[in-house]
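Visitor: Please show me the model, and then explain the terms used for it.

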Amino acid sequence: MAGSITTPVDDGGGVRKQYSSLTSFSSSSSSSAASGLAIPAVVHDDPNDTSPLLTPSPSPSPSPRKRKIIRGSHFTPRALAVGLLVGLIICFSNMYFGLQTGWVSTMTMPASLLGFGIFRLLRDRLGDLPFSPVENVLVQTVAGSMAIMPLGCGFVGVVPAMEYLLREEEMGPVRMGLWRGCVWGMGLCFFGVVFAVPLRRQVLIREQLKFPSGFSTAVLISVLHGQTKGVEEAGGERKNPHGFASLVGDDESSYGGEEVRDGEEEDNKKSEGWKRNVILLIVCFLLSGISTFATYFLPVLRNIPIFGSVAASTWLWTLNPSLAYVGQGIIMGPATTLHMLLGAVVGWGVLSPLAKNKGWAPGPVSDWEHGSKGWIVWVSLAIMLADSVVSLGYLAFRSVRLYWPRMKRVLPNSVRNLLPGGRQGYASLLRTDSSSESEDGGPLLAETEEEKEHDDAPPDQQISNKGVSIGLAASIIFCVGCIHYVFGDLVPLYATITAVFMALVLSIMGVRALGETDLNPVSGISKLAQLFFAFIIPQSNKSSVLINLVAGAVSEAGALQAGDLMQDLKTGHLLGAAPKAQFWGQVIGATAGAVASAFIYQLYTSVYTIPGDLFQVPTGYVWIFTARLVTGEGLPPMAKEWAVGAALLFAVTTAARTSMTRTKRLQALVPGGIAVAVGMYNVPSFTLARTIGGLLSWWWRSYKGWQDTPLIVLASGFILGEGFLSIVNLIMQSAGVPHL
């Protein structure tokens with residue numbers, strides 16, 4: 001459910017998705033990088049495009065432009081194998097952190113760096129087949145698609161809710177086991193990927209949305225492989241930094257698809273740069289891994305009572321000095337982490353003591369059912385729902401407003417003449433003067449649209465419309481069949497079918513939000529799906545809570561996977577990679593990730609107590625509480641009043657934030673609803689560590705002049721080190737190795 005804050009993906013409400021994104025790269029830095037690029041794009045005729053929405057008016061065909069040569073194979077077994085290896089490491093890491101706090105990240109930039117480093121070490125064995133940029137695109141595509149499966153398949157949120165939190169009267173608990181877990185994951189992992197393909201032409205080719213994380217990854221790959229001319233050239237005739245192969249230089253030698261050569265003096269600095277990043281990644285990985293290993297023998301290190309023993313034992317105010325959570329804070333940035341800290345202060349410093357002392361939550365503070373820990377979740381839920389409704393509602397309105405002029409063009413004349421503006425509005429779309437612009441400042445010229453249509457990969461490197469249609473139909477049928485196999489008659493077929501088609505609609509909003517803001521609001525999307533199903537599934541149905549959980553999981557999976565593939569397609573588009581190769585890489589990675597996630601989940605749940613001290617699965621509680629709320633279960637005393645007040649307050653703040661898209665500094669001062677909510681439902685120990693990371697990132701950027709890439713590499717090393725070494729702790733726990 002995460003998704004909104006900046007981005008990794010946090011399954012807790014946007015964060016995972018908003019955060020999710022999956023990787024939260026600095027939008028400002030990405031934008032500035034984009035503004036510094038001015039590179040020609042390749043022109044390709046696409047005879048298959050007959051979209052009635054974009055039928056051009058008569059105008060001269062765009063002048064042909066020089067087609068760039070993209071060297072290297074777009075799809076190779078070696079790149080696929082390395083992508084699966086890197087993806088498995090990140091998948092383990094995401095499962096670990098997802099079960100703890102709901103945080104998940106695709107880590108595409110570290111995946112690209114790791115892939116380059118592996119092939120760099122093997123370069124003497126590669127002979128005449130050097131590792132090319134388009135192969136690196138495949139590596140990060142496969143790794144990223146595999147990495148998000150713990151979240152995409154619900155193993156860090158909705159599945160624990162079904163298995164451990166669903167009551168008997170709610171037709172629970174539902175124990176999946178390994179086999180049914182694999183079937184469930186496989187059912188969810190395809191339709192979002194296929195649906196992203198037809199969206200590609202609209203958001204990447206016609207609108208050329210930024211997708212900041214995908215852009216940043218493309219720049220990193222371009223620099224690693226020595227394609228510096230494509231990154232550095234600007235001005236003159238170079239005017240489209242988002243065109244096909246725009247990061248590939250005109251000079252063959254600058255984009256020959258070969259690695260940096262030690263013998264070339266011009267590239268020595270680039271070689272030293274990637275070496276420093278790899279060393280930084282390894283050192284941070286080892287430091288974090290060693291500290292994680294130490295916490296097994298000294299569990300007290302996970303909860304240091306920095307505010308005193310009373311605050312720690314009674315009110316749960318401790319610090320987890322995990323380098324991984326510091327790394328997460330570095331990726332999220334100072335604004336997001338400070339908003340999360342605000343949520344922790346309000347939730348755990350004000351509301352929790354208030355609910356306890358007033359008798360609204362009489363149980364122990366740490367009790368999810370009767371203590372203040374569970375009571376404040378209702379307030380955080382209301383904040384997330386308000387944020388989701390306002391932000392997604394604004395996005396839907398903006399999308400309709402943007403596409404309405406094109407939609408009117410395909411309406412019959414009799415209908416069109418009845419609309420405001422009549423024929424005059426229709427005729428204005430056919431104007432060909434250069435001053436014609438939309439309300440958003442974009443040109444409405446048919447000639448401009450035609451130019452964009454040509455700025456794409458060759459037709460033989462794309463997936464045909466027929467293939468997309470067959471694949472989408474097959475993936476939907478497969479999803480419905482898998483869910484029916486897992487749940488039987490507990491989840492009716494009409495509910496599953498409705499959930500899938502609703503997921504497709506909501507995925508459009510998720511992809512657009514990701515392209516414009518680098519935040520995929522998957523948590524908000526899943527909440528809207530749960531709210532919608534509360535109206536179509538009667539409360540008298542004993543499986544209403546279970547159906548609600550399944551519907552939300554399907555919507556989240558579709559939006560998450562469509563957004564992830566679109567980021568990867570943006571990276572490949574800028575580097576001239578074949579969309580078809582990326583699509584199949586995503587399918588293979590998602591399949592492997594679904595199976596691996598089911599297996600890893602079973603490992604953790606068989607060794608550790610879920611929920612427990614180490615894995616509290618807070619997003620599982622968010623899922624189940626949301627389902628119970630929208631299906632009519634009563635709230636604890638005074639929770640309704642506080643929840644309504646919080647929802648109204650953050651509806652206003654979210655509306656204010658959406659109106660400040662052009663004033664980022666002012667926007668950062670207004671608390672984000674998802675960030676505040678995540679700070680409320682996660683215990684303070686994680687939030688404090690993330691805040692430290694956020695402040696460190698601000699200090700390094702502001703006073704030390706660090707760029708985004710080394711900061712992301714440093715943070716990724718911290719995260720991967722703890723996530724990967726947790727496997728060692730898992731083995732020791734299962735073997736009964738004693739703690740000190």
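What follows is a short exchange about salt bridges, burial and a core.

Guide: This is a predicted model, in which local features need pLDDT of at least 70 and side-chain atom pairs count only at pLDDT 80 or more, while totals for chains, interfaces and linings use all residues. Residues are numbered from 1 along each chain as its sequence is written, and side-chain values use heavy atoms, with hydrogens and water left out.

Visitor: What makes R78 and E135 a salt bridge?
Guide: The term requires a side-chain nitrogen of Lys or Arg within 4 Å of a carboxyl oxygen of Asp or Glu. The N to O distance for R78 and E135 is 2.7 Å, so the pair qualifies. R78 lies in helix α3 and E135 in helix α6, so the bridge ties together parts that are 57 residues apart in sequence.

Visitor: Why is E135 called buried?
Guide: Buried means under 20% relative accessible area, exposed over 50%, and partly exposed in between (1.4 Å probe, protein chains only). E135 has 2%, so it is buried.

Visitor: Why does R78 count as partly exposed?
Guide: R78 has 24% relative accessibility, so it falls in the middle class.

Visitor: How do you know that R167 forms a salt bridge with E369?
Guide: Their closest N and O atoms are 3.7 Å apart, which means that the cut-off is met.

Visitor: Which residues have the most contacts inside the largest nonpolar core?
Guide: They are M162, W184, F487 and Y604, in a core of 179 residues. A nonpolar core is a set of buried Ala, Val, Leu, Ile, Met, Phe, Trp, Tyr and Cys residues joined through side-chain atoms within 4.5 Å.

Key: Helices (H or I, at least four residues) and strands (E, at least two) are DSSP runs, numbered from the N terminus.
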